[in-house]
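I opened a new notebook page today and sat down with a structure I had not looked at before. Here is what I looked up, in the order I went through it.

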Amino acid sequence: HFRTVAGLDSAYDDHGNVAAAIVVLDLDTLETVETVTARSATDFPYVPGLLAFRELPTTLTALESLTVTTDLFICDSQGLAHPRRFGFACHLGLLTGIPTLGVAKNAWGDHEDPAPDRGSWTPITIDGAAVGRALRTRTNIKPVFVSVGHLIDIDTACTQVLALTPEFRQPETTRRADKLCRQLLRELSA
């Protein structure tokens, strides 16, 4: 059973500034337990499918500031549902040894639209292999795209995502992390 879950997100501007945010929540109450941020510059270019190389160094710096232990990482990215079957969520899970999954707003691969009810899903496939799920977190709202990163199975991953989406399409973890890193980036650019 996961007690704490952390959402991770990064944002960057046209000048190579990267802002990373991590928001840790209590899974039972969805209360924020801790937030940490980091900022740095990158010279790694924007290349679709290679975001880990651009965003991971700043994320790891933010992780060093965490004072609470988290049981699960949820990344605003792909895990196995990635052209190379190894997205940001896989990189992070392997480096930390903590269960990790990706929840993306868009899918790599093929999928059918799930039924309109919350909790409905269809498989995402790449070259015929199932790599994730298109998961409906809100009735009649566009699905999110869930894939495993490390040390978690797809059923558990989807259960956790549904537990973290009581009001919005995106999980509270990454929704809060997204807001925090965009705020940090605005301050950095000001």
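These entries go from the sheet to its hairpin, then to a helix, two threonines, the cysteines and a few loop residues.

**Entry 1: the sheet**

I began by reminding myself that this is a predicted model. My opening question was in what order the strands of the open sheet are arranged. I read off 3-2-1-4-5-8-7-6 for the eight strands, and the pairing is mixed. I then looked for the edges and found strand 3 (32–41) and strand 6 (121–126), each of which pairs on one side only. From one strand to the next, I get an average twist of 25°.

**Entry 2: strands 6, 7 and 8**

I stayed at the strand 6 end of the order. Strand 6 and strand 7 run antiparallel, with six bridges joining them. One pair I noted there is isoleucine 124 with glycine 132, its bridge partner in strand 7. How many residues lie between the two strands of this hairpin? I found two, and aspartate 127 in the turn has a positive phi of about 55°. I kept in mind that most residues other than glycine have a negative phi.

Going one strand further, I found strand 7 and strand 8 antiparallel as well, joined by three bridges. Here alanine 134 stands opposite phenylalanine 145 of strand 8.

**Entry 3: helix 3**

Next I turned to helix 3, residues 154–163, and asked which of its residues are buried. My list reads Ala157, Cys158, Gln160 and Val161. Looking down the helix axis, I see that the buried residues fall within an arc of 160°, so they line one face of the helix.

What covers them? The cover includes strand 4 (72–75), strand 5 (100–104), strand 7 (129–135) and strand 8 (144–150). I also checked the N-terminal end of helix 3, which is capped by aspartate 153. A side-chain oxygen of aspartate 153 sits 3.1 Å from the backbone nitrogen of aspartate 155.

**Entry 4: threonine 4 and threonine 70**

I picked threonine 4 in strand 1 (residues 4–12). Is threonine 4 buried or exposed? Its relative accessibility is 16%, and the cut-off for buried is under 20%, so threonine 4 counts as buried. Its side chain reaches the backbone oxygen of threonine 69 at 3.0 Å. Leaving out residues up to four places away in sequence, I listed what threonine 4 touches: Val24, Leu25, Thr69, Thr70, Asp71 and Leu72.

Thr70 was on that list, so I followed it up. Threonine 70 sits in the loop between helix 1 and strand 4, and at 6% relative accessibility it counts as buried. What does its side chain reach? I found the backbone oxygen of leucine 72 at 3.2 Å. A polar atom of the threonine 70 side chain also lies 3.3 Å from the backbone nitrogen of alanine 6. With the same sequence neighbours left out, threonine 70 touches Thr4, Val5, Ala6, Val24 and Ile98.

**Entry 5: cysteines**

How many disulfides are there? My count came to zero. For cysteine 90, the nearest cysteine sulfur is that of cysteine 75, 9.1 Å away. Cysteine 90 has 2% relative accessibility and counts as buried. For cysteine 181, the nearest cysteine sulfur again belongs to cysteine 75, at 12 Å. Cysteine 181 is buried too, with a relative accessible area of 0%.

**Entry 6: loop residues**

I closed with three residues in loops. Leucine 30, between strand 2 (17–26) and strand 3, has a positive phi near 65°. With a relative accessible area of 14%, leucine 30 is buried.

Leucine 151, in the loop between strand 8 and helix 3, has a positive phi of about 60°. Is leucine 151 buried or exposed? It is exposed, with a relative accessible area of 56%.

My last stop was proline 48, in the loop between strand 3 and helix 1 (51–64). Proline 48 is partly exposed, at 48% relative accessible area. I checked its separation from leucine 25: 23 residues in sequence, and 29 Å in space from C-alpha to C-alpha.

Key. Residues numbered from 1 in each chain as written. Predicted model: local features only at pLDDT ≥ 70, side-chain atom pairs only at ≥ 80, totals over all residues. Heavy atoms only, no water. Buried < 20%, exposed > 50% of the residue type's maximum accessible area, 1.4 Å probe, protein only. Helix = DSSP H or I, 4+ residues; strand = E, 2+ residues; numbered from the N terminus. Arc of directions from axis to C-beta. Contact = heavy atoms within 4.5 Å. Polar contact = N/O pair within 3.5 Å; in protein donor to acceptor, adjacent residues only side chain to side chain. Pairing = 2+ DSSP bridges. Axes fitted to C-alpha atoms, helices over the stretch in contact; angles between N-to-C directions. Disulfide = S-S within 2.5 Å.
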